[in-house]
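Colleague: Before I plan anything at the bench, I would like to go through this model with you, one question at a time.

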Amino acid sequence: MKIHEYQAKKLFKKYKIPIPDGGIALTPDEAKKNAAKIGNFPVVIKGQIHAGGRGKGGGIKLAETVEEVESLTKRILGMLLITHQTGPEGKIVKKVLVEKSLKIEKELYLSIILDRATAKIVIIASKAGGMDIEEIAANQPEKIIKIHIDPLLGIQPFHCRQAAFGLKLPPSLIRQFTLTLINLYRLFVDYDCTLVEINPLAITANENIVALDAKIIFDDNALFRHKDILEYRDLDEEDPFEVEASRFNLNYIKLSGNVGNMVNGAGLAMATMDLIKLYGAEPANFLDVGGTANAKTVENGFRIILSDKNVKAGLINIFGGILRCDLLAKGVVQAANKARIKIPVVIRMEGTNVEEGRRILSESGLNFTIAADLKEAVQAVTQLVKHLRCGHKCLK
């Protein structure tokens with residue numbers, strides 16, 4: 001789960017990670033009040049969305065006067081902010097963060113991530129702060145510092161020294177930096193984060209270290225331990241299909257293609273999407289109903305897939321173990337009848353009660369194609385999409 005910058009900075013403040021003075025505003029009047037509390041100009045007006053690159057997209061502005069605070073806030077609130085992370089559809093700005101502007105001597109990059117490949121927690125730091133870290137990592141990897149931490153041992157003083165020396169910090173800043181890094185690590189572990197990022201981490205003219213930006217991503221599977229963090233969830237920033245799926249404990253990720261997919265298991269989902277692309281079509285989603293789904297769960301998943309107007313054909317690929325094939329078939333038939341399905345659907349199933357499941361589907365009278373194996377299923381659904389795209393001329 002992602003949260004806004006201003007919410008992440010609340011947690012930074014709790015963990016004594018230095019941040020600029022500021023406050024959140026939903027209106028120009030609130031923005032002016034926050035600027036007045038700061039007490040001196042200039043101040044920074046920062047649009048709040050769940051994406052980076054806001055400055056390049058016009059979502060971060062410097063205000064020199066109260067009048068500029070009002071005019072810039074009016075301009076940013078309600079704007080469609082498009083960045084490299086939002087895609088062309090962009091996001092609507094509904095809140096702004098008004099912050100004190102600081103005199104910056106140097107900008108650094110600092111983050112802590114979870115590396116599943118090594119089962120370690122990794123500190124990533126760079127002297128190239130304020131820039132796209134992905135671009136730096138690709139084109140100038142020598143500027144990236146990576147420090148691996150065994151989570152059973154936790155962060156140690158030598159980790160902090162390694163990061164500070166790698167950034168070539170002066171001796172006068174090493175203590176400040178060390179405390180900031182240790183507190184950032186504590187926050188990361190305490191809240192089951194997968195990413196905590198500061199970009200940029202600023203060194204000010206009066207030799208203070210301050211987090212000018214804040215980004216936190218939490219492990220969804222651990223949110224049951226953090227009820228307070230659930231209150232930070234902003235449904236307006238999430239895809240409506242993904243929000244709807246979460247109500248039924250379905251794992252759903254919206255993609256940009258035209259083949260709707262329902263599977264049980266993340267590995268099976270990845271293999272299915274790879275094959276769809278291999279045969280020339282594009283997946284419209286990743287929907288995993290899990291191993292303990294029942295007919296109602298499958299019905300809800302199928303309904304969500306059909307709600308996406310980009311979906312031109314559906315593919316259901318289920319290996320029935322805990323989820324029996326006959327329960328899957330009942331759920332699909334129920335959903336298709338309620339939704340008055342108008343798109344073709346290809347179904348491949350194997351496993352427990354597979355013959356009964358196929359019988360239920362074949363006797364439903366609905367527009368289903370039942371495939372013998374995964375290859376046949378993917379070939380069938382990609383051909384259906386191609387035929388629809390060419391107006392069935394390729395069938396003549």
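Colleague: In which strand is the place of proline 200?

Modeller: This is a predicted model, in which local features need pLDDT of at least 70 and side-chain atom pairs count only at pLDDT 80 or more, whereas totals for chains, interfaces and linings use all residues. Residues are numbered from 1 along each chain as its sequence is written, and side-chain values use heavy atoms, with hydrogens and water left out. Helices (H or I, at least four residues) and strands (E, at least two) are DSSP runs numbered from the N terminus, and the run of residues 193–204, where proline 200 has its place, is strand β10.

Colleague: What is omega for the peptide bond from asparagine 199 to proline 200?

Modeller: A cis peptide bond also leads from phenylalanine 41 to proline 42, with omega near 5°, and proline 42 lies in the loop between α2 and β2. The bond from asparagine 199 to proline 200 is likewise cis, and its omega is near 10°.

Colleague: Is alanine 119 buried or exposed?

Modeller: Alanine 119 lies in the loop between β7 and β8, and it has a positive phi of about 55° although it is not a glycine. Burial is judged by relative accessible area (buried under 20%, exposed over 50%, partly exposed in between; 1.4 Å probe, protein chains only). Because its relative accessibility is 55%, alanine 119 counts as exposed.

Colleague: Which residue's backbone oxygen lies 3.0 Å from a polar side-chain atom of asparagine 261?

Modeller: Asparagine 261 lies in strand β14 (residues 259–263) and, at 3% relative accessibility, counts as buried. Leaving aside neighbours within four places in sequence, its contacts (heavy atoms within 4.5 Å) include Thr272, Asn285 and Leu315. The backbone oxygen at 3.0 Å from the polar atom of its side chain belongs to valine 259.

Colleague: Which helix gives the largest share of the largest nonpolar core?

Modeller: A nonpolar core is a set of buried Ala, Val, Leu, Ile, Met, Phe, Trp, Tyr and Cys residues joined through side-chain atoms within 4.5 Å. Of the 43 residues in the largest one, those touching the most other members include Phe12, Phe177 and Ile216. Its largest share, seven residues, comes from helix α6.

Colleague: At what angle do the axes of α2 and α3 cross?

Modeller: Pro28, Ala31, Lys32 and Ala35 in α2 meet residues of α3, including Val66 and Val69. Axes are lines fitted to C-alpha atoms, for helices over the stretch in contact, with angles from 0 to 180 degrees between N-to-C directions. Here the two axes come within 9 Å, and they cross at roughly 140°.

Definitions and conventions:
Polar contact = N/O pair within 3.5 Å; in protein donor to acceptor, adjacent residues only side chain to side chain.
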